[in-house]
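Trainee: I would like to take a close look at one loop residue and its surroundings in this model. Could you describe the part in detail and then place it in the wider chain?

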Amino acid sequence: MPALRARLSATVAGMGIAELAPRLAEIAGPDGVITDPQELRTYECDGLTSHAAVPGIVVLPTTAAQVAQVVRTCVGHGVPYVARGSGTGLSGGALPRTDGVLVVTSRMRRVVAVDVPNRRATVEPGVVNLAVTRAAAGDGYYYAPDPSSQQICSIGGNVAENAGGAHCLKYGFTVNHVLGLELVTPEGEIARLDADRPGYDLLGAFVGSEGTLGIATEVTVRLLRAPETVVTMLAGFGTVDAAGGCVSAIIATGVVPAALEMMDALAIEAAEAAVACDYPAGAGAVLIVEVDGPAAEVAEELAAVRELAVQAGAGEIRIATDPAERAAIWKGRKSAFAAVGRISPAYLVQDGVVPRTALPAVLAEIAALSAESGIRVANVFHAGDGNLHPLVLYDRAVAGEAERAEQVSAEILARCLAHGGSITGEHGVGVDKSAYLPRMFTDADLDTMQLLRCGFDPRGLCNPGKVFPTPRLCGEAPGHRTGVHPLVESGQAELF
Ligand SMILES: Cc1cc2nc3c(=O)[nH]c(=O)nc-3n(C[C@H](O)[C@H](O)[C@H](O)COP(=O)(O)OP(=O)(O)OC[C@H]3O[C@@H](n4cnc5c(N)ncnc54)[C@H](O)[C@@H]3O)c2cc1C
């Protein structure tokens, strides 16, 4: 299926939207509203730079009450609005509307409370992921979900995307760590959702809803006690196949490492060029395996994992116990996405999931696709979760290469689905993958999800055009759809 790409027109920008600016300035203060065309361009895309739209207005509220007033103002004028945290999303979830308001949470960065006895922290949505751990570290606690973007991405964005990370293999995704939240509903009311209340799990529905069910204004997260011992192992393998075999063997023994990450030769090459991470020379793939917990348990698990790596054909194996050595091992992995910029002028970050047992087969298929198409693909991923992140490299200066990269990227997803996987593991659907949803869900499934969405957002103004390929108007009979992507319908995008 051809990818849906938004080619956005500037001509629809500013249709009456500028008239909202004075009212928004009354709410958020004159320095809390951006209307200057150059400054607005700063917000035209998130991490998915192939989709861009200059927002009509940007507003930067500082309190939940301000967010509520902003939303009510938008609702009162029938204006769509989109929440944005740090803008690191990779599926276009925070892609603004030229005819709408972008509500940016970057001035809501207060750590409200660190409640050690109850092992929880309450923070505003713009608080950066790593800042939660920093706030709790003095008491020996930390916040477990750790996306590679954790130094910049916001908790609000993490909640909306149900963000994952290297340590989610053992500790679970964001949804497993959010205990409650305050939100501004799409109607502009301030409400709470808590995990410990009876009734439907609306908190669970909100986490991962990609900004379509309201704007989180305060989030309470679980804190975990920092483990007694942490050991990181780096193992070099001759081939991706051998490293994949080691992953399967580790999982099969029942050991659940805190993290189990893989990089292939091209990803290693990029990381070496960018941060000189000094991974085993000539390796076709490396595995980073981290085990944590009580010292005795860690020693036992490490011995088991090391033995399995040797049996799977690992060459060099390094063990790091002190924080500096461990950080040196992680340096290459953590910088891998950006590092690819060193070996290619442009690249697509793909995010698909396969059952772990299918990893070797899917990786072989990706290698074959790459060879057939002449498009290089670097693989760096959460191997323990079967969550692939193929980085599809291309050069716009080479005629047709960008299109071929899109095709390879789409075909990789098709292969993930063919093996019983998913079109996204942690980066969300956004605008990038909405066209693929019908490959995973029936029309009835999608209608049911949309009914939930309409329950929260009957006017369809809260981040419209995201997630669903063919949105239905609230109040329409199930099964009826417009059949047209909303960006296309509104004249802001065309299909190609
Ligand atoms: C280098 C790099 C590495 C990455 N690694 C990972 C990784 O390991 N794991 C992973 O899961 N992701 C990863 N990501 C993707 C991204 O960082 C995550 O999706 C992150 O959760 C987005 O947070 P953000 O604050 O940047 O959100 P944004 O990009 O600003 O927004 C993302 C979505 O959240 C919505 N949103 C934002 N704030 C709110 C709010 N307060 N209330 C409701 N909705 C809101 C937006 O509307 C949008 O739909 C990576 C990205 C980059 C660039």
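Mentor: Aspartate 278 counts as partly exposed because it has 14 C-beta neighbours inside 10 Å; a residue is called buried with 20 or more other C-beta atoms within 10 Å of its own, exposed with 12 or fewer, and partly exposed in between, the C-beta atoms being placed from the backbone. The model is a predicted one, in which local features need pLDDT of at least 70, side-chain atom pairs count only at pLDDT 80 or more, and totals for chains, interfaces and linings use all residues. Residues are numbered from 1 along each chain as its sequence is written.

Aspartate 278 sits in the loop that joins α9 (265–275) to β14 (285–293); helices (H or I, at least four residues) and strands (E, at least two residues) are DSSP runs numbered from the N terminus. Its phi is positive, near 60 degrees, in a residue other than glycine. Most residues other than glycine have a negative phi.

The strand that follows this loop, β14, pairs with β13 (residues 259–264) through 6 bridges in the antiparallel sense, where pairing requires that DSSP find at least two bridges between two strands. Across this pair, methionine 263 faces valine 286 of β14. Both strands belong to an open sheet of 7 strands in the order β15-β12-β14-β13-β18-β20-β16, with antiparallel pairing. Its edges are β15 (317–320) and β16 (346–349), each of which pairs on one side only. On average, neighbouring strands of the sheet are turned by 15 degrees against each other, direction ignored; axes are lines fitted to C-alpha atoms, for helices over the stretch in contact, and angles run from 0 to 180 degrees between N-to-C directions. Helix α11 (residues 323–334) lies across β12 (229–237), β13, β14, β15 and β18 (377–381), and runs at about 125 degrees to β15.

A second residue invites comparison. Arginine 119, likewise not a glycine, has a positive phi of about 50 degrees. Arginine 119 is found in the loop between β5 (111–115) and β6 (120–123) and, with 16 C-beta neighbours inside 10 Å, is partly exposed. The two strands form a hairpin with 4 residues between them, paired antiparallel over 4 bridges. In that pairing, aspartate 115 stands opposite arginine 120 of β6.

At the level of the chain, the division is into domain 1 (10–104), domain 2 (111–225), domain 3 (229–418) and domain 4 (443–487), with bounds from an automatic or database domain assignment. The centres of domain 2 and domain 3, taken over C-alpha atoms, are 27 Å apart. Contact between them involves 7 residues of domain 2 and 12 of domain 3, two residues being in contact if their C-beta atoms, placed from the backbone, lie within 7 Å. The domain 2 side of this interface has 3 nonpolar, 3 polar and 1 charged residues; Ala, Val, Leu, Ile, Met, Phe, Trp, Tyr, Cys and Pro count as nonpolar, Asp, Glu, Lys and Arg as charged, and the others, Gly among them, as polar.

Finally, the ligand shell draws at least three residues from each of domain 1 and domain 2. It divides into 13 nonpolar, 19 polar and 5 charged residues, and its largest share, 5 residues, comes from α5.
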